[in-house]
Amino acid sequence: MFKLLLFLFLLVSACVAIHGIGMMLGIRWLGRSWPRQGSPFRLARTFWLLVRVVYGLLVLHLLQITVWAAFYQLDGCFPDFATSFYYSATSYSTVGYGDVVLSREWRILGAVEAVTGVIMFGWSTGVLFTIVHHLHAHCFRLRPDPHE
């Protein structure tokens, strides 16, 4: 039981570290890519910025799924990495088809991976919402007021 808790702590900590470092690097990148004060709103530039943010978030989630899959593979839970990755992706995303399952001794890992995925998706959603909110505010702050 202690071994299982240690692995869970390490896996969740790795996910938080990946996401946190990725967010910090992403925010630094956004600081350099963000539209400057007084610059006109450009739909294509804003769209491309959002596409890069979403793909960055996707990469962070795929890295975390890969960490869990690597653990499953190293521990011999599944016959190959493709199955480990598939199980990890379905657990992390909470889809959980049930066509691939862990052995009885490790099955709590899938549940904790799902909870971790929900938390990480929530974190990503909050960041994406904040970015869109700030882009929206930037866009409308630069437009002249039609009622003036």
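Two rings of Phe, Tyr or Trp count as an aromatic pair if their centres lie within 6.5 Å. With that in hand, here are some notes on this predicted model.

1. **Aromatic pairs.** The structure holds 11 aromatic pairs. One of them joins Phe7 and Trp106: the ring centres are 5.8 Å apart and the planes meet at 50°, so this pair is tilted. It is a link between distant parts of the chain, since Phe7 sits in helix α1 and Trp106 in the loop between α3 (81-92) and α4, 99 residues apart. As for exposure, Phe7 is partly exposed, with a relative accessible area of 23%, whereas Trp106 is buried at 8%.

2. **A stacked pair.** Tyr86 and Tyr97 also form an aromatic pair, this one stacked, with 6.5 Å from centre to centre and 10° between the planes. Tyr86 belongs to helix α3 and Tyr97 to the loop between α3 and α4, so the pair ties together parts that are 11 residues apart in sequence. Tyr86 is partly exposed at 30% relative accessible area; Tyr97, at 61%, counts as exposed.

3. **The aromatic cluster.** Both partners of the tilted pair, Phe7 and Trp106, turn up again in one aromatic cluster, together with Trp68, Phe71, Tyr72, Phe78 and Tyr87.

4. **Thr116.** Have a look at this residue in helix α4 (residues 108-142). Thr116 has 4% relative accessibility and therefore counts as buried, the limit being under 20%. A polar atom of its side chain lies 2.8 Å from the backbone oxygen of Val112. Setting aside neighbours within four places in sequence, Thr116 is in contact with Val12, Cys15 and Trp68; Trp68 is also one of the members of the aromatic cluster.

5. **Ala17.** This residue is placed in helix α1 (residues 2-33) and is partly exposed, with a relative accessibility of 35%. Its C-alpha is 9.6 Å from that of Gln64, although the two residues are 47 apart in sequence.

6. **The largest pocket.** You may want to turn the model to view this one. The largest pocket has about 210 Å³ of space. Its lining has 14 residues, of which Gly22, Gly26, Ile27, Val53 and Gly56 are the closest to the centre. Helices α1, α2 (43-74) and α4 each give two or more residues to the lining, and α1 gives the most, with seven. By type, the lining divides into 10 nonpolar residues, three polar and one charged.

Notes: Residues are numbered from 1 along each chain as its sequence is written. This is a predicted model: local features need pLDDT of at least 70, side-chain atom pairs count only at pLDDT 80 or more; totals for chains, interfaces and linings use all residues. Side-chain values use heavy atoms; hydrogens and water are left out. Helices (H or I, at least four residues) and strands (E, at least two) are DSSP runs, numbered from the N terminus. Buried means under 20% relative accessible area, exposed over 50%, partly exposed in between (1.4 Å probe, protein chains only). A polar contact is a pair of N or O atoms within 3.5 Å; within protein, one must be able to donate a hydrogen and the other to accept it, and residues adjacent in sequence count only if both atoms are side-chain atoms. Contact means heavy atoms within 4.5 Å. On a 1 Å grid over the protein atoms alone, a cavity is a set of points where a 1.4 Å probe fits but cannot get out, and a pocket is an open set with protein on both sides within 12 Å along at least five of seven lines; lining residues have an atom within 4 Å of a point. Grid points are joined across faces, edges and corners, and a volume is the space filled by probe spheres set on the points. Ala, Val, Leu, Ile, Met, Phe, Trp, Tyr, Cys and Pro count as nonpolar, Asp, Glu, Lys and Arg as charged, and the others, Gly among them, as polar. Rings of Phe, Tyr and Trp (its six-membered ring) pair if their centres lie within 6.5 Å; planes under 30 degrees apart count as stacked, over 60 as edge-to-face and the rest as tilted.
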